Amino acid sequence: APTGIKGKVIVPESVTTTLAGEGQSKLLEQFGNKWDEFKFAPIRESQVSRAMTRRYFQDLDNYAESDVVIVGAGSCGLSTAYVLAKARPDLKIAIVEASVSPGGGAWLGGQLFSAMILRRPADAFLTELGVPFEEEPTNPNFVVVKHAALFTSTLLSKVLAFPNVKLFNATCVEDLITRPDGDDIRLAGVVVNWTLVTLHHDDHSCMDPNTINAPIIVSTTGHDGPFGAFCAKRLVSMNAIDKLGGMRGLDMNAAEDAIVKNTREVAKGLIIGGMELSEIDGFNRMGPTFGAMVMSGVKAAEETLRVFET
Ligand code: AHZ
């Protein structure tokens, strides 16, 4: 392989990134060489507390009845949120993420390396988002984002800017709200708690949770692990499905197509996408190639949109 050879870098038209060498920052004009005079506008501490808590409690109130809850803000959950919020500004979309930092496994490529690989045609997602990428000279079938954090931070910045999206991070989905539906059940929301509380149920007396009602839950909590595959596992423990398929070993070619094609409503009101689906269906894992995660997000958004169209 021709190591050290760089591929052609594609910069989508929508990229507005400031380029190196573009000129001096206005901030230097404004503040530079005047640090002796520098002073922040005054504030009282309680004003900071009130500014934060008022907004948070308003959001809790507002999103207690949501249209869609996305569980997990990894590459699949964030991709779902992007497509959904863009298409339907009238839908209230709550994203619940257990970790303080949204992004899941998409801050790095694989084995903690920086670059992120996406197989074509998932480069279309990068082009729409405005993430520059490089064509791979050794194989035209995939593209490379120079740092996965560039992808994740761009996606996050777009998703969080939508007025109809609220991210509740450091918040864990602990259970599902269900209703009887004939002989079946239908999901009607999620049960949530601060993640720090969730982590301490074993060593504290009962610390009851909170709830968010929504007719559609999109679960993208990743493959099994301390926090992963949450909704898939809960479906089994509540007898809504018999058993998990169990994620199989790694096969990039088989895994990515299977995950995208099968992203669907697994139980009434519950759409599962991303690596969580591999635990339901017994698909292979794909390792460090993220095209299936973003395209599964696109499909999960389409499935959700279909529900709201009918
Ligand atoms: O913190 C989790 C992560 O950010 C979050 N999460 C998990 N359980 C949760 C719960 N409540 C709230 N109960 C929860 N949040 O879900 C997110 C999952 O992100 P991820 O990046 O792990 O999953 P993904 O399916 O979006 O992307 C998978 C990326 C992988 S794994 C893999 C392999 O192992 O082969 N290959 C790829 C591309």
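**Exercise 1. Identify the polar contacts of the ligand in this predicted model.**

*Solution.* Begin with R285, which places a polar side-chain atom 2.5 Å from an oxygen atom of the ligand. Next, turn to the backbone: a polar backbone atom of M275 is 2.9 Å from a ligand oxygen atom. A ligand nitrogen atom, in turn, lies 3.0 Å from a backbone N or O atom of A98. Each of these pairs meets the cut-off for a polar contact, N or O atoms within 3.5 Å. Finally, consider the surroundings: 27 residues are around the ligand, and E97, G105, F227, R285 and G287 come nearest.

**Exercise 2. Determine the strand order of the open sheet and the helices that pack on it.**

*Solution.* The six strands run in the order β7-β3-β2-β11-β14-β13, with mixed pairing. The edges are β7 (165-169) and β13 (264-267), each of which pairs on one side only. From one strand to the next, the twist averages 25°. Five bridges join β3 (residues 93-97) to β7 in the parallel sense, and V96 stands opposite F168 of β7. Helix α2 (residues 45-63) packs on the sheet where it touches β3 and β7, its direction making about 110° with that of β7. Helix α10 (residues 291-309) touches β2 (68-71), β11 (216-219), β13 and β14 (270-272); its direction makes about 175° with that of β11.

**Exercise 3. Name the residues that touch the most other members of the largest nonpolar core.**

*Solution.* This core contains 72 residues, of which V69, I95, L118, F151 and V190 touch the most other members. Take V69 as the example: leaving aside residues up to four places away in sequence, V69 touches A94, V96, V190, I212, A214, I216, I217 and V218.

Notes. Residues are numbered from 1 along each chain as its sequence is written. This is a predicted model: local features need pLDDT of at least 70, side-chain atom pairs count only at pLDDT 80 or more; totals for chains, interfaces and linings use all residues. Side-chain values use heavy atoms; hydrogens and water are left out. Two strands pair if DSSP finds at least two bridges between them. Helices (H or I, at least four residues) and strands (E, at least two) are DSSP runs, numbered from the N terminus. Axes are lines fitted to C-alpha atoms, for helices over the stretch in contact, and angles run from 0 to 180 degrees between N-to-C directions. Contact means heavy atoms within 4.5 Å. A nonpolar core is a set of buried Ala, Val, Leu, Ile, Met, Phe, Trp, Tyr and Cys residues joined through side-chain atoms within 4.5 Å. Buried means under 20% relative accessible area, exposed over 50%, partly exposed in between (1.4 Å probe, protein chains only). A residue is near a molecule or strand if one of its heavy atoms lies within 4 Å of it. A polar contact is a pair of N or O atoms within 3.5 Å; within protein, one must be able to donate a hydrogen and the other to accept it, and residues adjacent in sequence count only if both atoms are side-chain atoms.
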